[in-house]
Amino acid sequence: MNSATTVILSALVIGLIYGSVGLLSGFCMMSSLRGWWAQGDRRLVRTFALAMGVGIAASQLLAAAGLVDLGKSIYLQPSFSAPVMFLGGLLFGYGMVLSNGCGSRALVLLGRGNLRSFVVVIVLGIFAEMTLKGLIAPARIAMVQVSQVTLTTNSAPALLAALGLSAAHARMAAASVLAAALIIFAFAHAPFRKSFGQMLAGLIVGLLVAAGWYATGFLGADDFNPTPVTSLTFVAPIADSLQYVMLSTGSTLNFGIVTVFGVFAGSLVTALATGRFRLEGYQSPWHMLRSAGGAALMGTGGVMAFGCSIGQGLTGLSTLSLASFVAVAGIMLGAAAGLRGALRVRPLATT
């Protein structure tokens with residue numbers, strides 16, 4: 001079995017596990033923040049924090065062992081536009097509140113029979129493709145060209161190394177402090193410590209991030225046909241997946257496309273096996289318009305930010321990239337605007 005086939009099979013397994021865990025646990029950044037800021041339930045945000053901490057620790061261990069070169073990922077490129085990434089994060093964060101979930105959550109809910117999520121996935125994919133290569137692309141490229149900078153210190157370990165630490169010690173210090181802080185934050189909450197399912201979900205998702213790096217960065221390492229080094233992310237892969245189902249004769253499967261299919265399949269199988277599958281639709285035309293509008297913002301913002309709440313919030317941060325911290329700050333602020341304050345997205349009236 002060649003390296004490309006190994007990566008594809010790895011992506012399928014990772015997607016199946018993520019889809020199943022996502023359905024059973026409700027894993028989602030937007031749900032986490034809503035529970036924390038709007039409903040007073042802090043368990044889900046602790047689950048997300050645990051996934052972040054485990055993802056950072058496991059991914060940096062792989063890098064320290066020389067198994068994966070995270071510097072080959074898009075998150076650690078020397079040139080990036082902080083304003084565009086922050087703006088993209090804002091758009092994505094507000095959009096996921098409008099749509100009641102991010103792209104990965106939409107795939108999970110689609111597997112459960114939620115037809116609203118079908119609209120979200122399609123619209124998100126279309127606008128992501130428009131922002132990558134279509135009508136919105138020229139504006140995005142122009143903004144990047146006038147605002148991008150080139151940094152030699154593009155990660156937290158690089159900042160510490162610039163202060164005089166060796167590269168190995170800088171990586172260890174940055175990863176240890178951030179991972180420990182996130183894991184301590186998670187387990188400092190007594191209700192979370194009593195929720196074995198949420199603890200397991202955070203641990204599994206964090207390890208899946210590292211598994212993605214291992215699959216593409218180690219198993220996919222090939223001098224003649226190397227696989228792009230990446231892990232869990234969903235905006236561009238959803239766009240690629242839509243293109244693949246329409247033009248498969250001119251496209252090839254990759255890690256992201258197979259992960260998207262795997263998440264849907266994992267959720268579907270789990271929903272059928274546990275009796276959770278049921279068809280759901282929109283309450284009103286306004287509900288559909290708001291959901292589709294949020295998906296459009298997520299597709300556009302996710303491309304500008306180089307990732308989504310998973311692609312940057314977990315995978316990007318696992319590289320300790322400074323650009324990822326900028327993007328995640330934008331996502332968090334955009335979500336905060338949608339959940340609280342003057343721009344808060346109001347609950348839909350029930351009939």
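This note goes through the overall fold, the core and the two largest pockets of a predicted model.

1. **Overall make-up.** The protein has 16 helices and 2 strands. Its radius of gyration is 19 Å, close to the 20 Å that the globule rule gives for 351 residues, so the protein is as compact as a globular protein of that length.

2. **Dimensions and burial.** Taken along the principal axes, the C-alpha atoms fill a box of roughly 65 × 55 × 45 Å. Of the 351 residues, 52% count as buried.

3. **Contacts along the chain.** Look at the contacts in the protein with a separation of 6 or more. Residues 24 or more positions apart account for 80% of them.

4. **The nonpolar core.** Which residues touch the most other members of the largest nonpolar core? They are Tyr18, Met96, Phe234, Ile310 and Leu314, out of 77 residues in this core. Helix H3, residues 43-64, gives the largest share of the core, with 9 residues.

5. **Met96 up close.** Met96 is a good residue to find on screen. Set aside its neighbours within four places in sequence. Met96 is then in contact with three other methionines, Met29, Met30 and Met298. Its other contacts are Gly101, Cys102, Ser309, Ile331 and Ala335.

6. **The largest pocket.** Its volume is about 740 Å³. The lining has 31 residues, and Pro228, Thr230, Ala236, Pro237 and Asp240 lie nearest the centre. By class, the lining divides into 17 nonpolar, 11 polar and 3 charged residues.

7. **Helices around the largest pocket.** Which helix supplies the largest share of this lining? It is H12, with 4 residues. H12 covers residues 235-246. Helices H1 (3-25), H13 (255-274) and H14 (285-304) also supply at least two residues each.

8. **The second largest pocket.** This pocket has a volume of about 540 Å³. Its lining has 28 residues, and the closest to the centre are Arg34, Val97, Leu98, Asn100 and Arg290. The lining holds 12 nonpolar, 9 polar and 7 charged residues.

9. **Helices around the second largest pocket.** Five helices each supply at least two residues of this lining: H4 (82-98), H5 (103-111), H6 (115-132), H14 and H16 (322-339). Helix H14 is worth tracing, since it appears in both lists: it supplies at least two residues to the lining of the largest pocket and at least two to that of the second largest.

Definitions and conventions:
Residues numbered from 1 in each chain as written. Predicted model: local features only at pLDDT ≥ 70, side-chain atom pairs only at ≥ 80, totals over all residues. Heavy atoms only, no water. 1 Å grid on protein atoms, 1.4 Å probe; cavity = no way out; pocket = protein on both sides within 12 Å on 5 of 7 lines; lining within 4 Å. Points joined across faces, edges and corners; volume = space filled by probe spheres on them. Nonpolar A, V, L, I, M, F, W, Y, C, P; charged D, E, K, R; others polar. Core = buried A, V, L, I, M, F, W, Y, C linked by side-chain atoms within 4.5 Å. Buried < 20%, exposed > 50% of the residue type's maximum accessible area, 1.4 Å probe, protein only. Contact = heavy atoms within 4.5 Å. Rg over C-alpha atoms; globule rule 2.2 N^0.38 Å.
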